[in-house]
Amino acid sequence: MPRKASDQYYAETRFLFHSHVKVKTPVRCGEALPDACFAILEHFDKHYNSYSEGSFFDRINRRAGSWMDADEHVLYMLREISRISAMTGGAYNITLMPLLRLWGFYSEDESDIPSAASLRRAVEIIRQSGIEIRGNQVRIAPGQEIITGSFIKAYAVDQVLLFLKSEGVTDALINAGGSTISALNDDLHPCWVVKIPHPDGEGFMKELPLKNASFSLSGRKEHFRLIAGKAYGHIINAATGWPSSNLQSAVIAGSAFLSDVLSTALFAVAPDDAGEVSRRLGEVYDFSYYLVGEHWQGEKTEFIHYKKTDNLKQII
Amino acid sequence: MKLRSALLYLVSAVLFLAGNRGLWKNLGAEWKDYQKMRRQPRSVDVGNMDFEVRRLEYDDGSGRLKNPLPYFQTIRLEKEDFKRHRQVKKHVESGHKAEHASESK
């Protein structure tokens, strides 16, 4: 009897990582499978999210200046992030919580543009030393604070994908808050479709076929502070201390962790530096991306594809 | 006539019981086996065990039944919400609808 593509899926959404996470698995794989997936996501939300009290990153933050024990997940994430951060010239930095507070992202009060001196001080605190790793221990400098928002739920999604593959599942979708979407596909269902919102307006800009890959989107249309009538986005260039002026970045990569980190990292860099930074990243990672700058006039956006194996830049 | 019939019936019954010596012999042997079996210690057959019965005492003061044995207490369940324990049915989606992306949180 010939195999047929799945047409019915269990689709369950739960609130995790401060966002709605949706898991979609074929009905034929059983009703228990989504629960097992959410158990993994809940584990990472509880034990790794910097906002979860007592998590690895929460403890590192609370004991800034001291060496703290970490496990293999924390060490892997921090090593990769440190490498990517260096390639962006420090524009992408996960210890930038002092800057976010300075710009009023964790306050209900009206905020002003921070003074040049306070911005300079915050940037100095963030840049004074990177995240230090010694054996299985991690240390950040006093005043620094790691924020896991740009990578932790994507890393958890990767763990779910590993689990699904180990269970023999070849057709599934995980939508982590809309900002990271991961697809598993087989020859019977060759791709999922992702609708990408318009960077600066209503509706959708394009539909993207996604096949055995992860897609991440960063932008400032929905998350910004309005200061003196001007919108400042929540993704800050940690090298300058100023919110990025870009409108939208999108990345497709083999892992959700990589697509999420790279989309934030490329969004954070100055538009003039994006080409050079992406070239550097392309020497190490396989990914596709586009970046929409603030002067975008509605031109067609194309993904630029980097393949580290032949270091060939293609436009697809 | 009736008396004669009754006497004949009685005589036939006596002849049947007195003449069937094997019957008494077999009944005697079975009785001995039964008595022997009763004297032997019985192995515990859990499958055939009777239910354990606990006797509840009525408390006039509170108007409730009380169990004097601490390991078998009466639990009142009328406030339990059993609907809470019912497994939530998973939502089933058909087809391959496009997934909406949104900007990072």
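Start with the salt bridges between the two chains: colour chain A and chain B differently in this predicted model, and look along the boundary, where the count between chain B and chain A is five salt bridges. To see one of them, select B:Glu93 and A:Lys24, whose side chains meet in a salt bridge with 2.8 Å from N to O. With that pair still on screen, widen the selection to polar contacts across the interface of chain B and chain A, where 18 residue pairs are found, both members being at pLDDT 80 or more.

Next, show the strands of chain B as a cartoon. Strand E3 (92-94) and strand E4 (99-100) of chain B each supply at least two residues of the side of chain B that touches chain A, and E3(B) gives the most to that side, with three residues. If you colour this side of chain B by residue class, you should find four nonpolar, seven polar and seven charged residues.

Now select the whole contact, which takes 18 residues from chain B and 40 residues from chain A. The area buried between chain B and chain A is about 2,500 Å², and carbon and sulfur atoms give 47% of that area.

**Chain B by itself**

Hide chain A for a moment and follow chain B along its sequence, which gives the pattern α-α-β-β-β-β, that is, two helices and four strands. How much of chain B counts as buried? Of its 105 residues, the share is 9%.

**A sheet that crosses between the chains**

Bring chain A back and select strand E8 (residues 192-197) of chain A together with E4(B), which run parallel and are joined by two bridges. Two pairs of residues are worth labelling here: A:Lys195 stands opposite B:His100 in E4(B), while the bridge partner of A:Val194 in E4(B) is B:Glu99. Add strand E9 (204-210) of chain A, and the selection becomes an open sheet of three strands in the order E9(A)-E8(A)-E4(B), with mixed pairing. The edge strands of this sheet are E9 of chain A and E4 of chain B, each of which pairs on one side only. As background for what the cartoon is showing, strands of a sheet pair through backbone hydrogen bonds, either parallel or antiparallel.

**An enclosed strand of chain A**

Move on to strand E7 (residues 180-184) of chain A, where five of the five residues are buried, so the strand is largely enclosed by the rest of the structure. Show its side chains as sticks: A:Thr180, A:Ser182 and A:Leu184 point one way from E7(A), whereas A:Ile181 and A:Ala183 point the other way, and all are buried.

Which strands should you select as partners of E7(A)? Strand E6 (residues 172-176) of chain A pairs with E7(A) in the antiparallel sense over five bridges, and strand E10 (residues 214-219) of chain A pairs with E7(A), also in the antiparallel sense, over three bridges. A:Thr180 is a useful residue to centre on, as A:Ala176 stands opposite A:Thr180 in E7(A) and A:Thr180 in turn stands opposite A:Ser216 in E10(A). Between E6(A) and E7(A) the hairpin has three residues, and in this hairpin A:Gly177 takes a positive phi near 70°.

**A serine in a loop**

Centre next on A:Ser244, in the loop between strand E14 (242-243) and strand E15 (248-253) of chain A. Is A:Ser244 buried or exposed? At 6% relative accessibility, A:Ser244 counts as buried, because the cut-off for that class is under 20%. A polar atom of the side chain of A:Ser244 lies 3.2 Å from the backbone nitrogen of A:Asn246, and a polar atom of that side chain lies 2.6 Å from the backbone oxygen of A:Phe267. Leaving aside residues up to four places away in sequence, A:Ser244 touches A:Arg220, A:Ile235, A:Ile236, A:Asn237, A:Phe267, A:Ala268 and A:Val269.

**A last stop: another sheet of chain A**

Finally, select the open sheet of three strands with the order E3-E5-E4 in chain A, where the pairing is antiparallel. Strand E3 (68-69) and strand E4 (132-134) of chain A stand at the edges with a single partner strand each, so one side of each is left without a neighbour in the sheet. Within this sheet, E4(A) and strand E5 (residues 137-139) of chain A pair over three bridges, and A:Arg134 stands opposite A:Gln137 in E5(A).

Conventions: Residues numbered from 1 in each chain as written. Chains lettered and ligands numbered in written order. Heavy atoms only, no water. Contact = heavy atoms within 4.5 Å. Buried area = accessible area lost by both parts, 1.4 Å probe. Salt bridge = Lys/Arg side-chain N within 4 Å of Asp/Glu carboxyl O. Polar contact = N/O pair within 3.5 Å; in protein donor to acceptor, adjacent residues only side chain to side chain. Nonpolar A, V, L, I, M, F, W, Y, C, P; charged D, E, K, R; others polar. Pairing = 2+ DSSP bridges. Buried < 20%, exposed > 50% of the residue type's maximum accessible area, 1.4 Å probe, protein only.
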